[in-house]
Amino acid sequence: MARTKYFKRRRLTLAQQIYFMRLAFPLFTAQRFTNVVEWIGLVTPGDLSDTYRVKVRYKIPDRPEVTVLSPVLRLAKGKKRLPHVFPPDWTKLCLYVNGEWSPDKPVAWIIPWIAFWLYFYEAWLITGKWFGEGHEPAGKDLTNVPNPEY
C-alpha cells in the first residue's frame, strides 16, 4: 500500500534519536535528561577551517537547538550581529526553514547542516556577505538586538 497523507509518521523517541546519532556521529557524546537529550561534539566545516565545539539540544517535539560553544563566534567587520541566529539571545543557529526537518527524522541529519552554517559563517567573516540560502529568523525587525563583545 502506498504511503498517503492519511498515515501519520511517528516521532522518533529520545532513545531512537540517541541511537541514530551514535551510528552517524559516534564522537558526539550524549547526555539524557528526563525529556531532553544534549549532544556535544566537534565539527570542522572545511580543510582549512577551525574546529568548532557545538551543542545540540533536543526536546520532543521541538526544533533542535544548536549552539557553538567554542571558539566564540565573532562579528564580521562593520556588522552588529551574527546572521542566521535566533532571538532572544541571538546564539542559537538557524539551520533550515520549517518543513526541512521534523520529529520523525533523526536529529543526526542536521549535523552536516551545522557544518554548512559554519562554512558560510567563515566566508561571512571574510566578506561580510552571507552566501547561504534561507532567511533571517527575525525578519526585518532587528531592534533590540544585543551587540555582544566578541
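Biologist: Let me start with one residue: is His-84 buried or exposed, and why?

Modeller: A residue counts as buried when its relative accessible area is under 20%. His-84 has a relative accessible area of 7%, so it is buried. One thing to keep in mind as we go: this is a predicted model. His-84 sits in the loop between β4 and β5.

Biologist: What about the backbone there: what is the phi of His-84?

Modeller: The general idea first. Most residues other than glycine have a negative phi, and most peptide bonds are trans. His-84 is not a glycine, yet its phi is positive, about 55°. Trp-90 is another case, with a positive phi near 60°. You'll find Trp-90 in the loop between β5 and β6. It counts as buried because its relative accessibility is 9%.

Biologist: And the peptide bonds: which residues does a cis bond join?

Modeller: One cis bond joins Ile-60 and Pro-61, with omega at about -5°. Pro-61 belongs to the loop between β3 and β4. Pro-87 and Pro-88 are joined by a cis bond too, this time with omega at about 10°. Pro-88 is in the loop between β5 and β6.

Biologist: I keep hearing element names. How many helices and strands are there?

Modeller: Two helices and six strands. Follow the protein along its sequence and you get α-β-β-β-β-β-β-α. As for contacts with a separation of 6 or more, 51% of them are between residues 24 or more positions apart.

Biologist: Now the inside. Which residues have the most contacts within the largest nonpolar core?

Modeller: In soluble globular proteins, nonpolar side chains tend to be buried together. Here the largest nonpolar core has 33 residues, and Trp-39, Leu-93, Ile-114 and Trp-117 have the most contacts inside it. The elements giving two or more residues to this core are α1, β2, β3, β4 and α2. Helix α2 supplies the largest share, seven residues. Try Leu-93 in the viewer: leaving out residues up to four places away in sequence, Leu-93 touches Val-66, Val-68, Leu-73, His-84, Val-85, Phe-86, Ile-114 and Trp-117. So our opening residue, His-84, turns up again among the contacts of Leu-93.

Biologist: How do I read a helix that has a buried side? Which residues of α1 are buried?

Modeller: An α-helix has 3.6 residues a turn, so residues three or four places apart point the same way. In α1, the buried residues include Leu-14, Gln-17, Ile-18 and Met-21. These four cover an arc of only 100° around the axis, which puts them on the same side of α1. Their cover includes β1, β2, β3 and α2.

Biologist: What makes up the nonpolar surface patch?

Modeller: Tyr-19, Phe-20 and Leu-23 make a nonpolar patch of about 310 Å². Tyr-19 is in α1, which spans residues 14-24, and Phe-20 lies in α1 as well. Tyr-19 counts as partly exposed because its relative accessibility is 48%. With a relative accessible area of 30%, Phe-20 is partly exposed too.

Biologist: What does Phe-20 touch?

Modeller: Not counting residues up to four places away in sequence, Phe-20 touches Leu-12, Pro-106 and Ala-108. Pro-106 is in the loop between β6 and α2, and a relative accessible area of 14% makes it buried. Setting aside neighbours within four places in sequence, Pro-106 contacts Leu-12, Gln-17, Phe-20 and Trp-101. So Gln-17, one of the buried residues of α1, is also a contact of Pro-106.

Biologist: Last topic, charges. How many salt bridges are there?

Modeller: Side chains of opposite charge can pair when their charged atoms come close. The count here is two salt bridges. Glu-38 and Arg-57 form one, at 3.4 Å from N to O. Glu-38 lies in β2 and Arg-57 in β3, so this pair ties together parts that are 19 residues apart in sequence. Glu-38 is buried at 17% relative accessibility, whereas Arg-57 is partly exposed at 30%. Lys-92 and Asp-89 also meet in a salt bridge, at 3.6 Å from N to O. Lys-92 is partly exposed, with a relative accessible area of 21%, and Asp-89 is partly exposed at 38%.

Note on methods:
Residues are numbered from 1 along each chain as its sequence is written. This is a predicted model: local features need pLDDT of at least 70, side-chain atom pairs count only at pLDDT 80 or more; totals for chains, interfaces and linings use all residues. Side-chain values use heavy atoms; hydrogens and water are left out. Patches are made of residues with over 30% relative accessible area and no salt bridge: like charges are joined within 9 Å, nonpolar side chains (Val, Leu, Ile, Met, Phe, Trp, Tyr) within 5 Å. Accessible areas come from the Shrake-Rupley method with a 1.4 Å probe; for residues, only the protein chains shown count as cover. A salt bridge is a side-chain nitrogen of Lys or Arg within 4 Å of a carboxyl oxygen of Asp or Glu. Buried means under 20% relative accessible area, exposed over 50%, partly exposed in between (1.4 Å probe, protein chains only). A nonpolar core is a set of buried Ala, Val, Leu, Ile, Met, Phe, Trp, Tyr and Cys residues joined through side-chain atoms within 4.5 Å. Contact means heavy atoms within 4.5 Å. The arc is that of the directions from the helix axis to the C-beta atoms.
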